[in-house]
Amino acid sequence: LGIGLNECISYTFIAENAMKMMGIEPDSKLFSDIKLLNPLSNKFAIMRSTMLYSMLSTYIYNLSYNGECEPIFEIGSTFYKDESTDTGYNQKNMLSVLLNGNRIEKGFGIDKAVPYDFYDIKAILELIASEFSIDIELKPTNEKIFKEGMGVEIFIEGKPSGFMGTINPEMFKNFENGKL
């Protein structure tokens with residue numbers, strides 16, 4: 001909130017076809033197939049392993065109804081298989097940030113707008129890491145959800161902890177109202 005992001009809250013259940021819509025293959029670290037036994041509908045059929053689908057759905061919804069979407073963040077649960085537990089599953093809290101639009105709008109004394117880019121999200125990550133004295137390392141990733149060469153895996157204290165990058169715009173065609 002202190003750096004101008006708006007908080008959103010979304011369901012931890014995502015669409016049955018969410019992984020396919022985002023182009024996430026079963027061998028990806030982002031993949032989830034934790035299905036609910038009795039889902040409310042196909043739109044809420046699996047437990048999310050990443051908050052990406054939720055953030056993109058919020059972004060597309062706001063864009064289609066308001067014509068814009070302010071930069072947003074969410075702190076919420078993600079779920080994964082864990083054979084060391086009695087249920088075979090576990091959950092962890094994650095932070096997700098989605099930047100879009102312009103960091104600086106065109107206006108008095110400014111000839112053209114300055115859009116958000118990869119380095120703005122990196123600066124937010126580094127600010128959080130600095131604030132909490134967390135050692136982070138970024139390594140390139142080949143996850144297809146990102147534009148080629150614009151995605152990294154985040155390691156905290158040497159452990160894989162998340163991803164960051166510029167979303168591949170082709171993926172938006174798979175979402176309702178997700179026109180390019």
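Helices here are DSSP runs of H or I with at least four residues, numbered from the N terminus. This tour concerns a predicted model, and its opening stop is helix 3.

**Helix 3**

Select residues 118–131, the 14 residues of helix 3. From first C-alpha to last, the helix reaches 20 Å, close to the 20 Å expected at 1.5 Å a residue. At its N-terminal end, display the side chain of Asp117, which acts as the cap: one of its side-chain oxygens lies 3.0 Å from the backbone nitrogen of Tyr119. Then move to the other side of the helix in sequence, where Ser133, just after helix 3, takes a positive phi of about 50°.

Next, colour the buried residues of helix 3, namely Phe118, Asp120, Ile121, Ile124, Leu125 and Ala129. What do these buried residues pack against? Their partners are strand 5 (89–98), strand 6 (102–104), strand 7 (114–115), strand 8 (136–140), strand 9 (146–156) and strand 10 (159–167).

**Ile104 in strand 6**

From that set of strands, select Ile104, which is placed in strand 6. Is Ile104 buried or partly exposed? Its relative accessibility is 33%, so Ile104 counts as partly exposed; the partly exposed class runs between 20% and 50%. Setting aside residues up to four places away in sequence, show the neighbours that Ile104 touches: Ile110, Ala113 and Val114. A distance label may also be drawn to Tyr116, twelve residues apart from Ile104 along the chain, with 8.4 Å separating the two C-alpha atoms.

**Ser77 in strand 4**

Now select residues 72–81, which form strand 4, and centre the view on Ser77 within that strand. Ser77 counts as buried because its relative accessibility is 14%, and the cut-off for buried is under 20%. The side chain of Ser77 makes a polar contact of 3.3 Å with the side chain of Asn93. Beyond residues up to four places away in sequence, Ser77 touches Thr12, Arg48, Gln91, Lys92 and Asn93.

**The second largest pocket**

Finally, display the second largest pocket, whose volume is about 690 Å³. Its lining comprises 23 residues, and those nearest the centre are Lys43, Tyr53, Ser57, Thr58 and Tyr61. Strand 2 (13–14) and helix 2 (52–66) are the elements that give two or more residues to this lining. Which element gives the most to the lining? Helix 2 does, with nine residues. Colouring the lining of the second largest pocket by residue class shows eleven nonpolar, ten polar and two charged residues.

How values were computed. Residues numbered from 1 in each chain as written. Predicted model: local features only at pLDDT ≥ 70, side-chain atom pairs only at ≥ 80, totals over all residues. Heavy atoms only, no water. Buried < 20%, exposed > 50% of the residue type's maximum accessible area, 1.4 Å probe, protein only. Polar contact = N/O pair within 3.5 Å; in protein donor to acceptor, adjacent residues only side chain to side chain. Contact = heavy atoms within 4.5 Å. 1 Å grid on protein atoms, 1.4 Å probe; cavity = no way out; pocket = protein on both sides within 12 Å on 5 of 7 lines; lining within 4 Å. Points joined across faces, edges and corners; volume = space filled by probe spheres on them. Nonpolar A, V, L, I, M, F, W, Y, C, P; charged D, E, K, R; others polar. Expected span 1.5 Å × (residues − 1).
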